[in-house]
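Reader: I should like to learn how to read several features of a structural model. May we begin with the exposure of a single residue and proceed from there?

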Amino acid sequence: MAFPGYGGMPGMPQQGMPGGQMGGHIPCPMGGAPPHGGYGGGYPGAYGASPAANDPMWGYFTAIAGQDGEVDADELQRCLTQSGFSGNYTPFSLDTCRIMIAMLDRDYTGKMGFNEFKELFAALNGWKQNFMMFDHDRSGTVEPHEMNQAINAMGYRVSPNALNIIIKRYSKGGRICFDDYVACCVKLRSLTDHFKRRDTMQQGTATFQYDDFIQCAMSI
């Protein structure tokens, strides 16, 4: 279902994923592969599920998580770098890793548990495939008009003015690298989620108290 002003299922390319095997997926020591594609607007496995010992990603999660059984931004950055998830693209900065965690940090610990970890990689795989769909020359960057197409493919409906702001914020030398693209996707998803929870009539309008707005904006 599409919602006025902000599209349908943010983060999930609506025109389908390109075929073929992608490099840079997170390795799974216990066999299998992490979920592919986007997250479709939902939060798979986010609540009430206990990690199963035979889950393909459980062994990998426990190998990188701290003694507290959670993953912080530094651990996430090392995980993404060592796994080669970015491939030939720009490695993820610590700031991008922080906001990736903030996107799913529903208990405000600044860290991710196992279910949040799985959800993040489902989203990351979808975003990477979407990026590759528009990075035709495999330069590791997309141009502003390609960024516009990528945002539309994910279901967002933003105005030309909003798009110009996005391009100015995330482009360097007129192009957007993979790290900045993911940071943009995280912020779009997070802000859209905050907005949708307050748009109770699903009409593209919402009312924020000042402190509520500050919390939403500053959390990511």
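Author: Let us begin with proline 144, bearing in mind that this is a predicted model. Proline 144 is partly exposed, as its relative accessible area is 31%, and partly exposed covers values between the 20% limit for buried and the 50% limit for exposed. This residue belongs to helix α5 (residues 144–153).

Reader: How many residues separate proline 144 from serine 171 in sequence, and what is their distance in space?

Author: They are 27 residues apart in sequence, while their C-alpha atoms are 8.0 Å apart.

Reader: How should the length and surroundings of helix α4 be read?

Author: The span expected from a rise of 1.5 Å a residue can be set against the distance between the end C-alpha atoms. For the 21 residues of α4 (residues 114–134) the expected span is 30 Å, and the end C-alpha atoms are 31 Å apart, which agrees. Of these 21 residues, 19 are buried, so α4 is largely enclosed by the rest of the structure.

Reader: Which aromatic pairs deserve attention, and how is their geometry classified?

Author: Planes over 60 degrees apart count as edge-to-face. The structure holds 15 aromatic pairs. In one of them, tyrosine 89 and phenylalanine 131 have ring centres 5.0 Å apart and planes at 75°, so this pair is edge-to-face. Because tyrosine 89 lies in the loop between α2 (73–83) and α3 (94–104), and phenylalanine 131 in helix α4, the pair ties together parts 42 residues apart in sequence. Both tyrosine 89 and phenylalanine 131 are buried.

The rings of phenylalanine 117 and phenylalanine 121 also form an edge-to-face pair, because their centres are 4.7 Å apart and their planes are at 65°.

Reader: Why are phenylalanine 117 and phenylalanine 121 separated by about one helical turn?

Author: An α-helix has 3.6 residues a turn, so residues three or four places apart point the same way. Phenylalanine 117 and phenylalanine 121 are four residues apart in helix α4, hence about one turn. Both are buried, and both belong to a cluster linked by ring pairs, whose members include Trp58, Phe85, Tyr89 and Phe131.

Reader: Where does the charged end of lysine 128 sit?

Author: It sits over the ring of phenylalanine 85, 5.0 Å from the ring centre. Likewise, the charged end of arginine 169 sits over the ring of tyrosine 170, 4.5 Å from its centre.

Reader: How is a pair of packed helices described?

Author: The angle between the axes and the distance between them serve as the description. The axes of α3 and helix α7 (residues 178–198) come within 10 Å and cross at roughly 25°. These helices are therefore roughly parallel to each other, and α3 passes α7 in a left-handed crossing.

Methods:
Residues numbered from 1 in each chain as written. Predicted model: local features only at pLDDT ≥ 70, side-chain atom pairs only at ≥ 80, totals over all residues. Heavy atoms only, no water. Helix = DSSP H or I, 4+ residues; strand = E, 2+ residues; numbered from the N terminus. Expected span 1.5 Å × (residues − 1). Buried < 20%, exposed > 50% of the residue type's maximum accessible area, 1.4 Å probe, protein only. Phe/Tyr/Trp six-rings, centres within 6.5 Å; stacked < 30°, edge-to-face > 60°. Lys NZ or Arg CZ within 6 Å of the ring centre and 35° of its normal. Axes fitted to C-alpha atoms, helices over the stretch in contact; angles between N-to-C directions. Parallel < 35°, antiparallel > 145°, perpendicular 65-115°, else oblique. Left-handed = near helix turned anticlockwise from the far one by under 90°.
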